[in-house]
Amino acid sequence: MVNSTSIQARATARFVRGSASKVRRVLGQIRGRSYRDALIMLEFMPYRSTHMVTKVLRSAVANAEHNLGLDPAALTITHATADMGPSMRRYRPRAQGRAYQIKKQTCHISIAVAPQDT
């Protein structure tokens with residue numbers, strides 16, 4: 001593992017439509033893997049949230065390459081979290097003039113990458 005004092009590049013996507021728990025099951029499988037392995041895994045996972053996770057991962061690697069001058073082939077995912085965002089409230093009509101609330105959840109995805117220890 002990479003210690004906390006090493007160089008890290010981060011990327012965050014905020015207010016992403018989808019629940020945090022469904023994004024966490026994807027992030028749990030790519031955490032600690034190399035960038036190349038994570039991209040291959042994300043391509044073949046059957047979940048809807050992999051599209052946004054892939055975009056955030058590519059952004060974090062682009063930040064590492066452009067801002068820190070790191071080689072993308074040598075990067076590892078060190079930090080990957082999904083936190084709850086605000087819920088959008090929508091209402092559906094029900095019988096006898098009632099309305100039921102539907103919560104459309106959002107989440108904040110955060111990914112950090114750092115060079116591998118050799």
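The following conversation walks through a predicted model of one protein chain.

Biologist: How many helices and strands does the protein chain have?
Modeller: This predicted model shows three helices and five strands in the protein chain.

Biologist: And in what order do the elements run from the N terminus on?
Modeller: The order is β-α-α-α-β-β-β-β. Strand β1 covers residues 9-17, and the helices are α1 at 20-30, α2 at 35-44 and α3 at 50-67. Strand β2 takes in residues 75-84, β3 and β4 cover 88-93 and 99-104, and β5 covers 106-115.

Biologist: What does the C-alpha trace span along its principal axes?
Modeller: The spans are about 65 × 25 × 20 Å. The radius of gyration of the protein chain is 17 Å, whereas a compact globule of 118 residues would have one near 13 Å.

Biologist: What share of the 118 residues is buried?
Modeller: Buried residues make up 38% of the chain. The accessible surface is about 7,700 Å², and carbon and sulfur atoms account for 49% of that surface.

Biologist: How much of the contact set comes from residues 24 or more positions apart?
Modeller: Such pairs account for 72% of the contacts with a separation of 6 or more.

Biologist: Let us turn to the interior. Which residues touch the most other members of the largest nonpolar core?
Modeller: They are L27, V53, L57, I109, I111 and V113, in a core of 29 residues. The elements that contribute two or more residues to this core are β1, α1, α2, α3, β2 and β5. The largest share, six residues, comes from α3.

Biologist: Take I111 from that list. What is I111 in contact with?
Modeller: Leaving aside neighbours within four places in sequence, I111 is in contact with A9, R10, A11, L27, V53, V56, L57, A60, I77, H79 and A80. Of these partners, L27, V53 and L57 are also named among the core residues that touch the most other members.

Biologist: Which residues of α1 are buried?
Modeller: In α1, the buried residues are A20, V23, V26, L27 and I30. They lie on the same side of α1, because they cover an arc of only 125 degrees around the axis. Their packing partners are α2, α3, β2 and β5.

Biologist: What happens just after α1?
Modeller: G32 comes there, with a positive phi of about 90 degrees. G32 is also one of the residues that T76 touches.

Biologist: Where is T76 found, then, and is it buried or exposed?
Modeller: T76 is found in strand β2. T76 counts as buried because its relative accessibility is 12%, below the 20% limit for that class. Not counting residues up to four places away in sequence, T76 touches G32, R33, S34, A112, V113, A114 and Q116.

Biologist: Now H108. Where does H108 lie, and why is it classed as buried?
Modeller: H108 lies in strand β5. The class follows from a relative accessible area of 15%, since buried means under 20%.

Biologist: Which backbone nitrogen lies 3.1 Å from a polar atom of the H108 side chain?
Modeller: That backbone nitrogen belongs to F15. F15 is also among the residues that H108 touches, together with A13, R14, T81, A82, D83, M84, G85 and P86, when residues up to four places away in sequence are not counted.

Biologist: What else can be said about F15?
Modeller: F15 has a positive phi of about 60 degrees although it is not a glycine. F15 is found in strand β1 and counts as partly exposed at 48% relative accessibility.

Biologist: Where else is phi near 60 degrees in a residue other than glycine?
Modeller: Q96 has such a value. Q96 sits in the loop between β3 and β4 and is exposed, with a relative accessible area of 71%.

Biologist: One last residue, M52. Where is M52 found, and what does M52 touch?
Modeller: M52 is found in helix α3 and is partly exposed, with a relative accessible area of 24%. Apart from residues up to four places away in sequence, M52 touches A13, V16 and I109.

Biologist: How far apart are M52 and R17?
Modeller: M52 and R17 are 35 residues apart in sequence, and their C-alpha atoms are 9.5 Å apart in space.

Technical notes: Residues are numbered from 1 along each chain as its sequence is written. This is a predicted model: local features need pLDDT of at least 70, side-chain atom pairs count only at pLDDT 80 or more; totals for chains, interfaces and linings use all residues. Side-chain values use heavy atoms; hydrogens and water are left out. Helices (H or I, at least four residues) and strands (E, at least two) are DSSP runs, numbered from the N terminus. Buried means under 20% relative accessible area, exposed over 50%, partly exposed in between (1.4 Å probe, protein chains only). Contact means heavy atoms within 4.5 Å. A nonpolar core is a set of buried Ala, Val, Leu, Ile, Met, Phe, Trp, Tyr and Cys residues joined through side-chain atoms within 4.5 Å. The arc is that of the directions from the helix axis to the C-beta atoms. A polar contact is a pair of N or O atoms within 3.5 Å; within protein, one must be able to donate a hydrogen and the other to accept it, and residues adjacent in sequence count only if both atoms are side-chain atoms. The radius of gyration is taken over C-alpha atoms; the globule rule is 2.2 Å times the number of residues to the power 0.38. Accessible areas come from the Shrake-Rupley method with a 1.4 Å probe; for residues, only the protein chains shown count as cover.
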